[in-house]
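Let's sit down with this model together and learn to read it one feature at a time. Ask whatever comes to mind as we go.

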Amino acid sequence: MAFVSIRDLRVAFDGVRVLHGIDLDIGKGEAIGLVGESGCGKSVTWLAALGLLPGKARVEGSVTLDGQQLIGAPRSQLEQIRGARIAMIFQDPSSSLNPVQRVGRQIGESLRLHRGLRGAQARTEVLRLMDMVGIPDAKRRIDLYPHEFSGGQCQRIMIAMALAGQPDLLIADEPTTALDATIQAQILELLSGIRRETGMALVFISHDLGAVSAVCDRAAVMYAGRIVETNDIRSLFAAPAHPYTQGLLRAIPDIDASRARLVPIEGTVPDPAALPTGCAFAPRCPRNSQLCQNYAPDLKPQSAGGVVSCFYPVEADQTAMSQRQEVWA
Amino acid sequence: MFRFILAKLVRAFLTILLVVTFAFIVLRMSGDPAQIMLGPDAPQDAVDAFRARWGLDDPLWQQYLAYLQQILSFDFGVSMRDQSPAIKLVLERIPATLALTIPALILKLCIGIPAGVYAALHRQSVADRGVIMASIFGFTIPSFVLGLVLVLIFAVTLDWLPSGGQDSWRHAILPIATLSIGGIGILARFSRSAMIEVLGQPYIRTAMAKGLPWRDVVWRHALPNAAVPIVTLVGFMVGSLIAGAVVVESIFSWPGVGRLIVVSVANRDLAVVQCLLLVIAASMVMANLLVDFAYGLLDPRLRAKPAAH
Amino acid sequence: MSILLDVRNVVQTYTTARTMFGRTSEIRAVDGIDLTVREGEILGIVGESGSGKSTLGRMLLGLETPSRGEVIYRGNPMPPPHSVEWRALRAHMQLIFQDPLAALDRRMTIARQIAEPLEIHGLAKGDALRNRVAELMAKVGLRKDQANRYPHELSGGQRQRVVIARALASAPRFLVCDEPVSALDVSIQAQVVNLLRDLQERERLTMVFISHDLKVVRNICDRVAVMYLGRVVEEAPSDQIFSDPRHPYTQALVSSIPRPGQGLSGRIVLSGEPPNPANRPTGCAFHPRCRFADAQCAATQPELQRHDGHLAACLKFVRARQFAA
Amino acid sequence: MLINRRHTLGLFGAAAGSLILPRGLRAQGARREITIAVQKITNNNTLDIWNEQSNVGERVFFPNLWEGLILRDWMGNQGPVPGLATEWKRLDDKTIELKLRQGVRFHNGDELTADDVVFSFSDERLFAGTEPAGGKTLYEENFKPQSAKELPANIPGIARRLWPALRGVEAVDKYTVRFHNATPDVTLEGRLYAFGSQIANKRAWDEAASYADWAAKPVTTGPYMVEDYRPDVSLTLVAFDDYWGGRPPLQRIRFVEVPEVASRVNGLLSGEYDFACDLPPDQIATIAAAPGLEVQSSTIWNHRISVFNKQNEIMADPLVRRAFTHSIDRKAIVDALWGGQTTIPAGMQFDSFKTSDMFVEGWAVPEYNPDLARDLLKQAGYKGDAIPYRLLNNYYTNQTPTAQILVEMWKQVGLNVEIQMKENWAQIHDPEGTKGVRDWSASNNINDPITPLVVQFGPNGEAQQKRDFWNEEVNQLSVVLETSTNHGDRKKAIARMLEICEREDPAFTVLHQNAVFTGMKKDLNWKAAPAFAMDFRATNWNV
Amino acid sequence: MSIAPAVPAPRMITRIRLKMPILVIIAVGWISLMVLTAIFADQLRPYEITRMDLMARLAPMGTPGHWLGTDELGRDVLTRLIQSIRVSLMIAFGATILSAVFGTTLGFLAAQFRGWVEHLVMALADFQAALPFMIMSLAVLAFFGSSMILLVCLMGFYGWERYARIARGLAISASAQGYAAAVVQLGASPRRVYLKHILPNVASTLIVSMTLTFPEIILMESGLSFLGLGVQPPQTSLGNMVGFGREYLTRAPWIMLAPSIVIVLTTLSISLLGDWLRDRLDPTIR
C-alpha cells in the first residue's frame, strides 16, 4: 500500500475550480516529480493536502497518510503531521524564513516541536543539521538572521528546518527556481544526497524537466489542474505519450545541438475560470479532434507503461521521428 | 550600531532646529514682540529698553543667532502674563497631561491591538466586521462630541462620575475614556491590516508547514513581524503624549499642557507658545528616536550591518 | 563585420552610502571589461546573478556612464545620460527587460505603449502612428483586437511581445535583451526566442542577449562572453564555448545545466556561493571555488588570452575534455 | 512663613479636632467649603489688583481678598462705606485726610499702618515715576527703589488712568493719611473705593523675591487669604480668622476654571460645584428646573456698548454712526437673548448718578427707527462698502449671538458690516488694518458720571488712546467733570457729553445693561450682588 | 482566449460596482448626497444663512418651516447645515487636494533629484511629523488671525509629508526598475515619465491616502472650530455648528446633533470607501 495516497482531490477558490480530481500515490522512500507550467495546480495539491490553503479555498476528495485521512482532519491532527511526517519547502527561500528570528531558533523550533529537543541539545542538533545541508561556519552563523544569508543558503536552511522533524516525506516546491544555475546544481545534489542517506520520500515540484529528471524516480505531468501523464522518469523522457509532455520536452533548447529552431507549444495556458469543455489541452494540441473538444479523456494505463489521459497518445517511434518540426507560423 | 544612533541623533537635532526656526519665523512675523510682550499700555522707554535687551533692532540673522543661543542655554523667556519663566509654566503642566494620556495610551494598546489582531485572525467573521465598524466609529466621532455625550450620560444623568476638574482618580475616568476611544479605533484598524499583511507572507506558511500549532504561529511568527508597522503608530502616539489632549482638556477643564496651549495662544503669550512648540517637538522627536531604536530591535534587517560581513 | 560598439576597459563602481555620515563602501560591479559588439551579430552574456552582466548591458546602451573606460558607439563616445543627444540616441538602441509586466505601464493600453517611442521621438503622428502600431503588433504576433487591452489582461508571452514591439517601434539598430525569457514558462519561452531570432534575421539587428539560461544562449547567440564577478572570464563563438569550454567556471556552468533524462551524473558541482562584489578575492576571483586553483591563482589576476578561437582568463588553461570523462 | 502663630495654632487645633471627632460631628463643627466654577479666574495670571483690571478679577478680589480705605456697599447701592478708614474729611478741593481703622491685621500678621497706605500709592508700587497732571511729585524719598522688583510695564498707565493727578500720599501719623491731588477733584472719595485703590502690605512686597511671586499671593487685609493659586486652574482662598470684621463664615472658597459652559452646568447639576458663574441666560431654564438648584440673576453696573471708530473713512461721517445707533432693536435683543432679564438703560447713565443728583432725566438711548437710519445713510452717501467688526468669541455673555443679530439688523438698513473674529484684546486694538465697530462694556466704578464716560471716553480713556474716538469738546467737558467742584457745571457738562457721545458725534451706542447669572445650590441661601463681585462675608452667609 | 474583448474603462466601473458590498454602496450614496448638497447648497437651503427670527429661537425639530429646528438666534438649522456641509467639504476637499499636490510634487522632486533635494524634503517631512498639526495650526491661526483662505492653506499642509514619502518611495521603486525605467530608456523626458506614467500609477495609492486624510481634515477643522479658531461666524461649518451648539446640548440638542451626525456619517463613509478602495487597489494588501 502506498504511503501517501491522493484520491480525487479537488480544490476551488471563490468558486473557480483549480484542481479537477488528482489521483496520486507515493510509496515509502519514493521520489516523484510533479511537472507543469505555472498555475497548473502542482503546489496547490500539496498545500491542500497539508491544510495550508487559505480559508476561502474549498477542498474535496481524500488524502491519506498511512491510511489516516488528512482532508477535513482537525487542525491539531494536521499539526502533528506537518513537519513530523510530511515536511515542505518553498520556492522563494528568502521570504519563506521569518525575517525577525535567528535561523538557529527557526530550525530549533522544529526540533523542539517534533523531537522534544531543547537548550544545548537542540543547539548541537541545529549545528549538525546546518553542517549536513552544507552551511559553512555554522557555529558562527547559527545566530544570524535570514537576510544575512544568500538565497541558496536560505534554501539550505529551509531544508535543514524540514529535516529537523525527520519527516517521511519531503515536498520540495520549486526549490531551485529562484536560484542561479550553479547553486541549483548544488541544491539538487544536496536533495538527492539527503534522500540517499535518510531514505525519505520526496515530492519534487518543478517546471524544469531537467531538474526533475535529476532527482526523481517517477514523474507526473500536470496541465490545468489535472495529471495528464505519469511514468517512470526514464520512459517519460524517452517516450512521452501525452502531446503536452512531448511539447514540453521539445520546447527545451538542446544544449548539444547548434542554433536549431525551437519548437514551442503554441497558445497559452487556459484561464481556470473558463476551461474548454473537453480536454483542457485540446486548443493547443496539434493532434486534437472533435472528440477532444467535447470530452475530457481519463487517465488510462498504457501498454508501454505509465498512465496517460489522451485520446490520441503519441506512440514511441513517432516521438523520435517528429523532433524539430518547423511549426512557426 | 553607533553610526546608526549618531545618524538618527543628527536627524533629530536637525528637526528640532527646523522647529526652532519655525517658531522664530512665526513669532517674528506676527508683530512687534515688544508691543506684544509689554502690552499696549507700555511707556515708550519700557519698549525701548525691551527692544535693546532682546536685540530687536539688530539685523534679523543676528536676532536669529541670539535666539538660538538663548534656546541652547534653556532660556525660553518669561510669560507676558505673570512674568514667570515659560519653561516652568510648561513643565508644571506636563504631569497633569501625562496623568491622562499615559493611561489612555495603555488602554489604546491593551484594547486596540488585541482587537485588531483578533479581527485579522477571524477575517470576514462577524467579530471582524464588528471591530472594523466599531473602530471606524471610534475615530470618526469628534472627541468634543464624544466627551460631552459621555459627561451627559455618566455625570449628569447617571451621576456616577464627576464631570470635570482634577481632584481624584475618578475625575480622570471620563477624559481618559474620551481620549482612548479614538486611538483604540485607529490602532485596531491599523493592527488588523498589519496583521493581515503579515499573515499572507510566505514565512507564515513555512511556520505552519513546520507543524507549529496555530497559536504559536501567531505569537512567535506573525505578531513579531506585525509589530514593526504597529510600532510606528504607537511611536506617534507616544510622541503625542504631551500634546495630544488639547480638546479633551478643554472639555473636562483638565489643567494640562493642552489647556496651557489654548490659553497661551489665545493670549498670544509668545514665550510660552514658543516653549510649548519646542517641548512638544522635542517629545515627538524623542519618540521617533525610540521608534527607530525599536525598529532596530524588532527588525534585524534595519540594524546596521555588523562589521563581520 | 564592422564594429558597432567598442567597450574599452570599462569599470563601474557603485558607492553605497548607508547613512548620511556613514563611511561609503565601494562595490565594483564591472571591473575592467574590453568587448566589441559587431554589426548584425547576437552576442550572449552569461553569468550568475551579481556577475555584472546587467550593469554591462546598461553601459552598452549608455544608460549608465562607466566610472572608468568608455563605450564607443559607431566611432563616437556615448553622450552623457539625459542630454539631448542621449535622448535622440534612444531611438537607435533599445532594451528588453526580464519582467514584461514590470516593464509595462499597467494603466496604459498596449497600443499606446507601443506608440510611445514614436511619440517621444516624433517619428509618426495620427494615422501614420496608428498604422505603424498595427504593423508592429502584427510583426510580433499580436492580434489587432488586443490593441486596447491592458498588460494584466495578457499572458506573459504576449506581454513580452508587447515589450518587443515597443522596442522595435523606433526601428533601432541595436537591442539589449536582459533575461528576456527567464520569467516565462518553458512552452512560451520557445515562442519568444523564436520571435527574437526571426526579427533579428529579418531586420539585421545587432543584439546583446543577457541570460543565465545557457540553453537559450546556446540556441540564439553567435558569440558568448562568460562573466564572473565583473570580469569576462571567457569569450568564444557559441558552438565552441558549449562544446569545448576552457575556463573552469565555464566548464562548471555548462555542466550544471540539467538535461532531461540524464540525472545528476557527470556534473561539476561548484562549492560555495559567488563571492560578494564588495569583498572580492585576491588574484583570480574564481580561485576559492575552482578545483584547479593553487597559490598562484590566489596571487595573480589572469588576463584574457587567446586559445584557438577562445579568449579565456585562466592561468591553468584547463582543457574541456577533463570533465566529460 | 506668612501665616502668623495664632493662626497656625488654630489650624493645628482644627486638625487635631478632626482626628478625634467622628465624621458627622466634624462636618458640623467645621465651616463649610465651597467650590465655584467660573469661566476664567483671571486674565493676567496675577492677583495684583492693578494688573488684573477685569470683570473676572472683580469677582475673585471683592470683597473677599482686597480691601480699600473706603469700601463699596456691594450688596446695596454700590456707594461708599467705611473700610480700612473709619472716617475721612476734605481739607480742600485737592486734599483728603483719612483716619485708619486701628487693629486691622494683614494676612501676615502685620498691623495696617499709614506706611502701607503710602506704599500702596507709591511710585514703586504704581506710578513708576510718571508725573501727575498739573504738579510735581511731593515725597521724593518714597520713590527710591527698595528692591529689584520690576513693575510690569502696563501698571503705571493703568494707575494714572484712575489717579491722573495724584501727587502722593502723606503719612501724617501711624493711623492718619492725606491724599494730595494736583488738581481739584470732587471724586477723590469715589476713586478711593474704585477698582485698584486697595491696600497691600508693604513688608510682603519687600520680602517677595519677584513681582510674579508677590502677585501670585498678595498680602492684604481681606476676610479670606490666598492659600493656593494655580493660574488657569484654580484659586483657593482660605478663611483669615484675624479679619477685622470678624471670623469669616466659610473655611475655604475654591474658584475653579471651567471654560466650557456645558461643563459648568453639568458640574453644577451633578453636584460637583456649589456655584456656576458666567451662565448665559439660555442655561437658566435647565438649572432652574433641576431640584435643589436656583439661579441668581442680577443686572450689574455695567452697560454693553458698541464702540465706533472714527478713523474709518466711512465711519468718520457722524451720519453713518447715527444710522448705526438707530437701526438696533434693543428690545428684541433683550427679549430674545436675555429672556427679558435685563434692561435698556437711559443712555450711558446709571441709577447711582441719582445719589449725587447727576442723573439726566429724560435722556434715552437712540430710538429704534430703521427708516431714519436708512435716510441718514442716504444723506451720508454711503455706498455699501464693508465695515469691519472685530469680535471676540463670547468674552461677554451672549457676545457672539448679539453681534450676529446686530449685523443682521444693520444689514436691514443697508449697512454692510463684516464680522472679523479675534482672539484677544490686542488683536481687537491692533492698529494695523481697518477698524470699524467693536464691542465693549462700560462700568460705573464710582457713583459719579465720570465713570464710565470720562474714564473710558475722555482724553485719557482707552477709546481715545486707541484712536477710536476724539472730540475736542468732550475733552474740555471731561476736564470740567474731573476738576470742577461746581455741581451745576458738572451736571451741564455730563448732559452735553451724553449728547455728543451718543447723538452728535457718536462714540458708542448703549445696547443694554449687563446682567450676571449664577447657578447655585438653593440651600446655600446666598444672595448675589449687582456686580461681578461675590460677597462671602458673614453678612451675606446664613448657612 | 478567455478574456472578452471589451472597452476597458467602463468595464472597470462595472466591476467595481458589481463587487461593492452593500455598506460601501451606502457610503458612496451618502458621499454623493453630501457632494450634491454642497454643490447645490444655494438652491437647496430654504432660507438665507443669516436669516434669523428672534421670536422663534430654539424651535425643536419638526417645527413647521424648520424641519430640523432653529438655533439660538432663530436661524433655520437645516439651512445652516446645508451651508456647513458646503463649507466643510470645500475646506476638506481644498485642503486634501492641496496637501496631495504639494506632498506628491515634493516627493517626486526628491525622487528625481535625490541628493540634497531629497535630504531637504525628508528633513521637512520630519519637521512636519515632529510638530503635531493641531498645535501648529493653533499657533499659526492665533498669530496670523483666522481667515478662510489661511485655514484652507494651513489644512493644505495637513498630511503632506505622508504623500511626499509615498510618492518618493513609489517613484524611486518605479524608476529603479520597471515601467518608468523602461520609458526613460525609450528617451522620454522626466516630465513625460512623471506625468504620464508614474503619476497615473501611484494615483490609486495616493487616492487611498486622500480618503484617509479627508476625514482627518474634517475632524481637524471641527476641532479648531471647537476651540474657536476654525471657520468664523456668521459663516458656518460642521465643526463650527457643533462648537457653538455644544452649550445647548441639553436644551436644544438638535443644533449639535444634526452636524455631529453628518460629520460622523461622512467620515465613516469616506473611511469605509477608503478601506474598500485600498483593499481593491493596493496590491501590497492582497
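**Reading the chains, helices and backbone**

Among the eight pairs of chains that touch, chains A and C share the most contacts. Keep in mind that this is a predicted model.

Q: Which chains does chain A or chain D fail to touch, and how far apart are the closest C-alpha atoms?
A: Look for pairs without any contact, then check the C-alpha distance. Chain A and chain D have no contact, and their closest C-alpha atoms lie 49 Å apart. Chain C and chain D do not touch either, with 44 Å between their nearest C-alpha atoms.

Q: How many helices and strands are in chain C?
A: Start with the secondary structure and then look at overall dimensions. Chain C holds 12 helices and 12 strands. Its radius of gyration is 21 Å, close to the 20 Å that the globule rule gives for 325 residues, so chain C is as compact as a globular protein of that length. Along the principal axes, the C-alpha atoms of chain C fill a box of roughly 70 × 55 × 45 Å. Buried residues account for 60% of the 325 residues in chain C. Of the contacts in chain C with a separation of 6 or more, 65% are between residues 24 or more positions apart.

Q: What pattern does chain E follow along the sequence?
A: Read the elements in order. Chain E runs α-α-α-α-α-α-α-α-α-α-α-α, with 12 helices and zero strands. Buried residues make up 60% of its 286 residues. Among contacts in chain E between residues at least 6 apart in sequence, 70% join residues at least 24 apart.

Q: Why is helix α4 of chain C described as largely enclosed?
A: Count how many of its residues are buried, meaning under 20% relative accessible area. In α4(C), residues 110-120, eight of the 11 residues are buried, so the helix is largely enclosed by the rest of the structure. The buried ones are Ile110(C), Ala111(C), Gln113(C), Ile114(C), Ala115(C), Glu116(C), Pro117(C) and Leu118(C).

Q: What covers the buried residues of α4(C)?
A: Look at the partners in contact, and remember to check other chains too. The cover includes α5 (126-140) and α6 (156-169) of chain C, along with α9 (179-186) and α10 (190-226) of chain E. Just after α4(C), Gly122(C) has a positive phi of about 60°.

Q: How do α17 and α19 of chain D cross?
A: Two things help here: the angle between the axes and the residues that meet. The axes of α17(D), residues 450-457, and α19(D), residues 472-483, come within 10 Å and cross at roughly 130°. The two helices are therefore oblique to each other, and α17(D) passes α19(D) in a left-handed crossing. From α17(D), Ile450(D), Val454(D) and Phe457(D) meet Val474(D), Ser478(D), Leu481(D) and Glu482(D) of α19(D). By class, this contact has five nonpolar, one polar and one charged residues. An α-helix has 3.6 residues a turn, so residues three or four places apart point the same way.

Q: Which peptide bonds leading into Pro63(D) and Pro452(D) are cis or trans?
A: Most residues other than glycine have a negative phi, and most peptide bonds are trans. The bond from Phe62(D) to Pro63(D) is cis, with omega near -15°. Pro63(D) sits in the loop between α3 (55-61) and β2 (70-72) of chain D. The bond from Thr451(D) to Pro452(D) is also cis, with omega near 0°, and Pro452(D) lies in helix α17 of chain D.

Q: Is Arg74(C) buried or partly exposed?
A: Check the backbone first, then the accessibility. Arg74(C) is not a glycine, yet has a positive phi of about 50°. Its place is the loop between β4 (68-73) and β5 (76-77) of chain C. With 40% relative accessibility, Arg74(C) counts as partly exposed.

Q: Where does Asp278(D) lie, and is it buried or exposed?
A: The same two checks work. Asp278(D), also not a glycine, has a positive phi of about 55°. Asp278(D) lies in the loop between β11 (275-276) and α11 (284-289) of chain D. Its relative accessible area is 16%, so Asp278(D) is buried.

Technical notes
Residues are numbered from 1 along each chain as its sequence is written. Chains are lettered from A and ligands numbered from 1 in the order in which they are written. This is a predicted model: local features need pLDDT of at least 70, side-chain atom pairs count only at pLDDT 80 or more; totals for chains, interfaces and linings use all residues. Side-chain values use heavy atoms; hydrogens and water are left out. Buried means under 20% relative accessible area, exposed over 50%, partly exposed in between (1.4 Å probe, protein chains only). Helices (H or I, at least four residues) and strands (E, at least two) are DSSP runs, numbered from the N terminus. Contact means heavy atoms within 4.5 Å. Axes are lines fitted to C-alpha atoms, for helices over the stretch in contact, and angles run from 0 to 180 degrees between N-to-C directions. Angles under 35 degrees count as roughly parallel, over 145 as roughly antiparallel, 65 to 115 as roughly perpendicular and the rest as oblique. A crossing is left-handed if the near helix is turned anticlockwise from the far one by less than a right angle, and right-handed if clockwise. Ala, Val, Leu, Ile, Met, Phe, Trp, Tyr, Cys and Pro count as nonpolar, Asp, Glu, Lys and Arg as charged, and the others, Gly among them, as polar. The radius of gyration is taken over C-alpha atoms; the globule rule is 2.2 Å times the number of residues to the power 0.38.
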